[in-house]
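Trainee: I have a model open and would like to talk it through with you, starting from one spot and then moving around. Could you take a look with me?

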Amino acid sequence: MKKLWTAFLLTALITSGCGSNNTQEKTTTKAEKVTKSASFDEKLAGGQLGSETIAFVGAGTANKLWVIDGKYHKLVSTIDAGGPYNERTNKDFYPNLNDTHAIAFTKDFKTLFTGDWYNYDEPSYVIAIDPITMREKWRLPTGKGAHHIALSPDDKYLYVANQHDGTLSVIDLAAKKKIKDLQTGKGTCYLSPTMYWDGKAIDTQYMFLSVESENKVVAIDMKTNEIVKNIPVGGMVHGTNLTPDGKYVWAAVMGAKKVAIINPKTLEVSGEIKLKEGPIHITFSPDSKYGYVTTGGNQIYKINVKTHKIEWSSTGTTVPAHVGVTPDGKELWTLNHGMDKRYPYTLGGAAVSGVQVWDTETGKLITEIVADGVPHEIQFVPYSVFTPKTEAAKESSHGNHDTVSAAEEIFKKTCLSCHGNDLKGGAGPDISKVGGKYSEQEILSIVKDGRGMMPSNLLSDQDSEKIAKWLSEKK
Ligand code: HEC
């Protein structure tokens with residue numbers, strides 16, 4: 001056990017609090033709810049149905065990616081990240097590599113990337129995988145200790161944070177070539193993603209990189225691929241994320257028990273949120289109103305982005321570290337570095353780990369999904385990416401062919417995750433007859449301004465007009 005855990009800098013630094021009592025309590029509440037009112041489908045999903053997405057998770061020591069159905073909360077597949085380089089020479093635990101940590105998707109969801117940190121003394125690999133066939137497309141050596149990765153907003157460059165040699169590799173994706181290594185510092189660690197759910201890039205000129213042992217966040221210009229500023233944050237720092245609207249950067253300053261807030265335009269620290277424990281990772285709600293922060297002591301906080309008020313806090317099980325919010329904003333998934341004695345066995349020689357799924361409204365545990373390895377980064381991808389076009393959809397696209405199929409494509413990419421197949425609703429309401437309720441103009445303003453849990457400005461003006469016209473004809 002020891003050996004495995006010490007490979008994880010993070011885990012070693014966090015004293016895990018005791019979450020098991022709390023979890024048991026919550027399991028009981030969930031069980032009561034199931035017997036009272038849940039439908040058969042809800043029961044299968046652990047009490048509450050999630051969103052129609054497939055979640056891809058870097059599963060660390062298992063050298064796999066987990067593939068999880070987000071609606072039913074079930075592990076449905078795994079992808080082996082080892083390829084030809086995976087030799088099982090370590091007899092205590094099956095991987096002799098150190099980590100498969102990262103997940104990043106191109107904005108069209110057609111390629112996913114992970115990093116494979118195989119050996120301390122050799123370069124890691126970045127691996128491109130086709131998420132549909134789940135096959136490897138290509139791999140390239142980066143620096144040593146590939147940890148987190150992220151893409152530029154235009155998907156031209158892939159950045160790989162090499163924790164072990166303190167560099168950031170810049171990969172030109174069209175050329176499939178590493179074009180440079182920036183010297184970024186000791187403990188080069190986490191990169192702020194430029195896309196969370198919706199295929200829409202966050203509007204940002206800079207990539208934000210945390211450098212743990214040098215207590216700083218590095219801003220990198222993604223046009224020139226140069227370091228523009230080292231931003232000191234006053235302590236060891238890990239997760240660093242932009243709000244989806246691109247207005248703030250939150251940095252988890254574990255060493256000073258605070259979230260440092262950075263202005264992504266001026267690159268100055270503009271504020272801080274003090275917490276009782278050291279924060280680890282951060283994510284946000286799709287409307288940019290709430291931040292979710294995991295901390296030492298297994299705590300999870302929901303924090304108001306404007307007022308910094310803590311909306312709720314919950315106790316997870318054994319180091320909830322990475323976090324992801326579903327596209328409908330309703331669930332928070334924590335990627336835990338272990339579970340507890342409820343799973344009294346090992347898998348592949350290592351302790352069971354998993355995901356805990358929380359209700360973002362109440363902070364209550366909905367369910368958990370366990371597997372082998374230690375989960376890290378997560379990306380939710382809409383079902384539609386994996387759904388072959390149906391006969392019905394093909395039929396309806398004759399006639400006004402171009403605009404209709406363009407609108408359908410837009411709907412699939414941006415709206416389907418919430419409004420469901422055939423517009424029949426999911427997290428968002430049924431909009432299959434919305435043309436009978438609103439005029440084209442009214443629909444256009446809903447699409448532009450958002451409404452309730454529906455984010456604003458999901459589309460360009462032109463695409464908003466196309467989809468408003470298309471929806472206004474659905475009566
Ligand atoms: C993150 C989830 C989400 C996404 C993505 C989303 N919606 Fe919505 N949408 C909602 C929710 C939730 C509501 C209900 C809001 C309310 O009334 O509080 C809604 C409401 C609507 C309504 C009004 C429905 C009514 O009967 O009042 C329309 C029209 C609509 N959405 C269209 C779209 C279109 C078009 C897209 C894609 C560009 C889209 N939505 C993407 C969640 C979403």
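**A walk through the model**

Mentor: Let us start at Val319, which counts as buried because 25 C-beta neighbours fall inside 10 Å; please keep in mind throughout that this is a predicted model.

Trainee: Where in the chain is the place of Val319?

Mentor: Val319 sits in the loop that runs between strand S24 (310-315) and strand S25 (320-325). Its phi is near 50 degrees, which is a positive value in a residue other than glycine.

Trainee: OK, and what about Leu423, what is its phi near?

Mentor: Leu423 has a phi near 65 degrees, again positive in a residue other than glycine, and Leu423 is placed in the loop between H6 and H7.

Trainee: Is Leu423 buried or exposed?

Mentor: Leu423 comes out as partly exposed, because 19 other C-beta atoms lie within 10 Å, and the cut-off for buried is 20 or more.

Trainee: Switching topic, how many helices and strands are there in the protein?

Mentor: The protein has eight helices and 30 strands. Of its 475 residues, 48% count as buried, and among the contacts with a separation of 6 or more, 50% are between residues 24 or more positions apart.

Trainee: What pLDDT does the protein average?

Mentor: The average pLDDT is 86, and 86% of the residues score at least 70. Residues 1-35 have a pLDDT below 50, although this stretch has 46 contacts in the model beyond near neighbours in sequence. Residues 391-399 are also below 50, and that stretch has six such contacts.

Trainee: Now the ligand: which residues come nearest?

Mentor: There are 27 residues around the ligand, and those that come nearest are Cys415, Cys418, Gly428, Gly452 and Met454. By type, the shell divides into 18 nonpolar residues, six polar and three charged.

Trainee: Which helices supply at least two residues of that shell?

Mentor: Helix H6 (401-419), helix H7 (440-449) and helix H8 (461-472) each do so, and the largest share, five residues, comes from H6.

Trainee: And why does the ligand lie between domain 1 and domain 2?

Mentor: Residues of the shell come from both domain 1 (2-384) and domain 2 (390-472), so the ligand lies between them.

Trainee: Let's go to the interior. Which residues in the largest nonpolar core touch the most other members?

Mentor: That core has 97 residues, and the ones touching the most other members are Val57, Ile149, Tyr159, Leu209, Ala251 and Val259. Leaving aside neighbours within four places in sequence, Val259 is in contact with Trp250, Ala251, Ala252, Val253, Glu272, Ile273, Leu275, Pro279 and Val293. Apart from the largest core lies another one, of ten residues, among them Ile431, Ile443, Trp470 and Leu471. As background, nonpolar side chains tend to be buried together in soluble globular proteins.

Trainee: What about Ala260, which strand is it found in?

Mentor: Ala260 is in strand S19 (residues 258-262), and Ala260 counts as buried because it has 24 C-beta neighbours inside 10 Å. If neighbours within four places in sequence are set aside, the contacts of Ala260 are Val233, Ala251, Val253, Val269 and Glu272. Gly271 is eleven residues from Ala260 along the chain, and the C-alpha atoms of the two are separated by 6.1 Å.

Trainee: And Gly255, in which loop is its place?

Mentor: Gly255 is in the loop between strand S18 (249-253) and S19, and Gly255 counts as partly exposed, with 17 C-beta neighbours inside 10 Å. Outside the four places either way in sequence, Gly255 is in contact with Asn215, Gly235, Met236 and Gly278. Gly255 and Ile280 are 25 residues apart in sequence, with 9.8 Å between their C-alpha atoms.

Trainee: Last one: Glu331 is a charged residue, so why does Glu331 count as buried?

Mentor: Glu331 counts as buried because 25 C-beta neighbours lie inside 10 Å. Glu331 is found in strand S26 (residues 331-336), and beyond its neighbours within four places in sequence Glu331 is in contact with Gly50, Thr326, Val357, Trp358, Asp359, Thr360 and Ile366. Lys364 is 33 residues from Glu331 in sequence and 9.9 Å away in space, C-alpha to C-alpha.

Conventions:
Residues numbered from 1 in each chain as written. Predicted model: local features only at pLDDT ≥ 70, side-chain atom pairs only at ≥ 80, totals over all residues. Near = placed C-beta within 6 Å. Helix = DSSP H or I, 4+ residues; strand = E, 2+ residues; numbered from the N terminus. Nonpolar A, V, L, I, M, F, W, Y, C, P; charged D, E, K, R; others polar. Domains from an automatic or database assignment. Core = buried A, V, L, I, M, F, W, Y, C linked by C-beta atoms within 7 Å. Buried ≥ 20, exposed ≤ 12 C-beta atoms within 10 Å, placed from the backbone. Contact = placed C-beta atoms within 7 Å. pLDDT = per-residue confidence, 0-100.
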